[in-house]
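Here are my notes on the model you sent over. I've kept them as numbered points so you can follow along in the viewer.

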Amino acid sequence: MTPEIELSETPDEADLAALGAALAAFNAADVGPSGHRKLAILLRGGAGEVVGGLSGYTAWGWLYVQWLWLSEPLRGQGWAGRLLSLAEAEARTRGCHGAWIDTFSPVARGVYRRAGYQEFGSLPGFPMGRTRSFLQKPL
C-alpha cells in the first residue's frame with residue numbers, strides 16, 4: 001500500500017482523534033498507560049466569569065501546566081503561586097513526582113522560578129525576540 005499525503009490547516013476533528021488514539025495506544029504498549037487526567041483550577045468574578053486560572057493534566061507521574069492566566073487586576077497579588085501550589089498538591093494526590101511548565105514571558109518565568117521551578121531547556125527565537133523556557137519542579 002502506498003498512502004496518499006494530505007496537508008490541511010483545517011483537519012477533521014475525527015481524524016485528529018483517530019491519530020491521538022493511535023499514538024496513545026502505541027505509547028501505552030511501549031511504556032504503560034499514562035493515567036492521563038485533566039486538571040483545571042478556575043478563578044471566577046462576581047458574575048461568574050473566568051478571571052484567571054490554570055489548566056493542564058497529569059500523566060505518567062507528571063503534572064503539566066499548559067495554561068496559567070490572570071486578568072490584569074489580579075496580577076502581582078500572588079495568585080499565580082497559589083494556583084501552582086493547588087495544582088501541585090492535587091498532582092501529589094494523583095501520585096505525581098514532578099511538574100513542568102513552559103513560557104516565553106520573562107515575567108512568568110520569574111514567577112515560576114519563585115515557585116521553585118528550574119529551567120531545563122530553552123528555544124531561542126520562539127517567538128522572535130523571545131526565548132521559550134521549559135521549567136520543572138520535583139513534587
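1. A cut-off before anything else: I call a residue buried under 20% relative accessible area, exposed over 50%, and partly exposed in between. With that in hand, E13 comes out at 60% relative accessibility, so E13 counts as exposed. Keep in mind throughout that this is a predicted model.

2. The overall layout. How many helices and strands does the chain have? There are 3 helices and 6 strands, and from the N terminus the order reads α-β-β-β-α-β-α-β-β. The C-alpha trace spans about 60 × 40 × 35 Å along its principal axes. Of the 139 residues in the chain, 28% are buried.

3. The N-terminal end and its charges. E13 sits in helix 1, which covers residues 13–31. Together with E4, E6, D12 and D15, E13 forms a negative surface patch. P11 belongs to the segment before helix 1; its relative accessible area is 36%, so P11 is partly exposed. If you want a distance to check in the viewer, try P11 to K38: the two are 27 residues apart in sequence, and their C-alpha atoms are 24 Å apart in space.

4. Salt bridges, starting with a buried pair. As a reminder, side chains of opposite charge can pair when their charged atoms come close. The structure holds 5 salt bridges. One of them joins the side chains of E88 and K137, at 3.0 Å from N to O. E88 is in helix 2 (residues 79–93) and K137 is in strand 6 (residues 131–138), so this pair ties together parts that are 49 residues apart in sequence. Are the two partners buried or exposed? Both E88 and K137 are buried.

5. Two further salt bridges. The side chains of E90 and R94 meet at 2.9 Å, N to O. E90 has 28% relative accessibility, so E90 counts as partly exposed. R113 and E119 also form a salt bridge, with 2.9 Å between the closest N and O atoms. Here E119 is partly exposed because its relative accessible area is 34%, and R113 is partly exposed too, because its relative accessibility is 46%.

6. Strand 6 and its partners. Which strands does strand 6 pair with? Strand 4 (residues 98–103) runs antiparallel to strand 6, and 6 bridges join the two. One place to look is D102, whose bridge partner in strand 6 is F134. Strand 5 (residues 118–124) also pairs with strand 6 in the antiparallel sense, over 6 bridges. There, Q118 has Q136 as its bridge partner in strand 6. For reading side-chain directions here, remember that in a regular strand the side chains alternate between the two faces of the sheet. Strand 6 is also where K137 of the buried salt bridge lies.

7. The hairpin turn. Strand 5 and strand 6 make a hairpin with 6 residues between them, and G125 in the turn has a positive phi of about 75°. Where is the cis peptide bond? It joins F126 and P127, with omega at about -10°, and P127 lies in the loop between strand 5 and strand 6. Most residues other than glycine have a negative phi, and most peptide bonds are trans. If you set up a simulation from this model, that omega value is one to look at in your input.

8. Another backbone angle to look at. W60 has a phi near 50°, a positive value in a residue other than glycine. W60 lies in the loop between strand 2 and strand 3 (62–70). At 40% relative accessibility, W60 counts as partly exposed because that value falls in the range between buried and exposed.

9. A nonpolar surface patch. L42, V50 and W69 make a nonpolar surface patch of about 290 Å². V50 lies in strand 2, which covers residues 50–59. The relative accessibility of V50 is 41%, so V50 counts as partly exposed.

Note on methods: Residues numbered from 1 in each chain as written. Predicted model: local features only at pLDDT ≥ 70, side-chain atom pairs only at ≥ 80, totals over all residues. Heavy atoms only, no water. Patch = residues over 30% accessible without salt bridge, like charges linked within 9 Å, V, L, I, M, F, W, Y side chains within 5 Å. Areas by Shrake-Rupley, 256 points an atom, 1.4 Å probe, with all protein chains shown as cover. Salt bridge = Lys/Arg side-chain N within 4 Å of Asp/Glu carboxyl O. Lys, Arg positive; Asp, Glu negative; His and termini not counted. Charge placed at Lys NZ, Arg CZ, Asp CG, Glu CD. Helix = DSSP H or I, 4+ residues; strand = E, 2+ residues; numbered from the N terminus. Buried < 20%, exposed > 50% of the residue type's maximum accessible area, 1.4 Å probe, protein only. Pairing = 2+ DSSP bridges.
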